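User: I should like to examine one part of a protein with some care. Please begin with the whole and then move to the part.

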Amino acid sequence: MGALLNGRELRKIFDAFCPFDESLALKPESERVTILAANSNNFWQTRAFVMLSAMEQQSPIIVQFSHNANTKLGGLPGKIFAPKGLGYRGNPALYGAKMSIDWIRGEAEVFGADLVAVSLDHFAVPKFKADKTYQQRACPTGASQQIEAAWAFIEDAGLQSQVEELTPELACKYSAYLSSEEYQSFRSDFMGTVDIMQPAWGMIDTEGIPPILDFAITRDIADAVRVGLGNSDMMLEAELGETGQSGDDVEYKQLSDDELQAFAALAAGFVTYTGAEGLAYDIGMKHAAMADEKHEIDERKLEVVERYIIEATGVYAPFAQHGGTGSAGVAKGLIGKTNINTAFLVCGSQARYRHFAADPSKVEAGDKKICGTDVETNVYLESVYNEAVARIAPTGSQNSGPACFEALGW
């Protein structure tokens with residue numbers, strides 16, 4: 001076959017890998033599965049991930065493309081080297097999206113990979129700044145009504161104690177943000193990318209956005225996808241709260257039982273209101289972890305929140321682990337998909353470095369053999385492939401092709 005998985009097919013696989021049994025008891029770890037979500041920043045990384053998925057009995061893999069990666073592939077001057085004075089016509093995010101989807105479709109076909117799903121990763125909404133005057137779009141957006149509706153839901157659900165009170169002043173600031181040129185441009189890029197790539201999974205990055213505004217933004221994007229684009233296929237991942245960055249001095253806080261139950265209720269309300277099918281929140285991870293950084297996973301939080309969401313909504317919302325490079329392990333199943341990016345960038349650069357460092361005199365002399373295309377097509381590609389093999393090993397999903405095919409009815 002060699003066709004990319006669509007969102008409903010990916011949904012079936014996730015449901016088959018739900019970490020809870022019918023009575024909502026946690027399955028034994030040996031029966032739980034996490035899916036590797038590998039971020040691709042170039043064509044060779046994409047090839048490595050598709051190759052891994054196609055090997056042996058096949059393995060499900062989610063290949064993720066960020067807004068940043070697509071704009072670089074699309075050639076945006078300022079994001080990549082461009083000679084001074086060079087013009088640029090078009091939208092680099094959408095041009096990059098077309099390049100990415102055309103390449104991965106071809107890769108899945110020629111390598112016979114049946115379990116590759118495309119995801120949009122870290123499409124980051126503009127940061128909200130309470131003291132900023134936002135330039136407004138000329139067209140009406142209904143922003144005030146969106147903020148009011150989100151607050152009304154939060155109040156009706158009894159969740160208002162967990163968010164800041166929506167004062168008239170704050171409502172005005174949130175409305176200005178939603179109708180701003182910055183947010184509407186982001187929204188346009190995201191919708192255009194969804195339309196071009198038809199991803200199985202799509203993530204909007206609302207990290208650091210205040211909760212009420214997060215409810216409104218995520219619902220706005222969900223409605224735009226489902227109604228505006230007529231896309232009922234894509235699984236939407238939403239983010240509630242904030243994941244740390246490597247090197248910051250913010251310590252992870254374990255929640256008390258009461259605090260954990262309150263957060264679980266907020267998460268369930270968020271899923272109900274937004275229609276999100278996947279969820280990310282802080283479990284102690286850090287983005288862009290260095291080689292010696294390892295962060296413990298709050299498995300207690302994962303289990304309580306995921307079970308509560310199923311009980312409250314009937315929806316299994318797979319948890320998306322951000323910052324997977326520095327994770328101390330894989331909480332199989334409780335983490336639905338583990339996002340890896342930094343590790344692949346690092347291993348590729350280290351492989352290139354070792355290749356050139358082995359004989360720098362030949363590099364300086366311009367020896368074609370050491371400086372040629374094999375650096376990318378062999379040295380770099382093999383290093384990324386091997387790192388992907390190492391990263392999929394602890395997930396339990398390697399060679400789970402037969403179970404996936406059964407879930408899909410193939």
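What is the accessible surface of the protein, and what percentage of it belongs to carbon and sulfur atoms? After that, please give a close look at strand β4 and its place in the sheet.

Analyst: This is a predicted model, in which local features need pLDDT of at least 70, side-chain atom pairs count only at pLDDT 80 or more, and totals for chains, interfaces and linings use all residues. Residues are numbered from 1 along each chain as its sequence is written, and side-chain values use heavy atoms, with hydrogens and water left out.

The accessible surface of the protein is about 18000 Å², and 52% of it belongs to carbon and sulfur atoms; such areas come from the Shrake-Rupley method with a 1.4 Å probe, and for residues only the protein chains shown count as cover. Of the 410 residues, 51% are buried, where buried means under 20% relative accessible area, exposed over 50%, and partly exposed in between (1.4 Å probe, protein chains only). The radius of gyration, taken over C-alpha atoms, is compared with a globule rule of 2.2 Å times the number of residues to the power 0.38. Because a compact globule of 410 residues would have a value near 22 Å, the 22 Å of the protein agrees with the rule.

The protein has 15 helices and ten strands. Helices (H or I, at least four residues) and strands (E, at least two) are DSSP runs numbered from the N terminus. Eight strands form an open sheet with parallel pairing, in the order β7-β5-β4-β3-β2-β1-β10-β9. Its edge strands, β7 (278-280) and β9 (320-321), each pair on one side only. Two strands pair if DSSP finds at least two bridges between them.

Within this order, β4 stands between β5 and β3. Strand β3 (residues 116-124) pairs with β4 in the parallel sense over four bridges, and Ala124 stands opposite Asp205 in β4. On the side of strand β5 (residues 235-239), β4 pairs in the parallel sense over three bridges; here Met203 stands opposite Glu237 in β5.

Strand β4 itself spans residues 201-205, and five of its five residues are buried. Both faces are covered: Trp201, Met203 and Asp205 lie on one side, and Gly202 and Ile204 on the other. Asp205 is thus one of the buried residues of β4, and Ala124 stands opposite this residue.

Elsewhere in the sheet, strand β1 (residues 35-39) and strand β2 (residues 61-66) pair in the parallel sense over four bridges, with Ala37 opposite Ile62 in β2.
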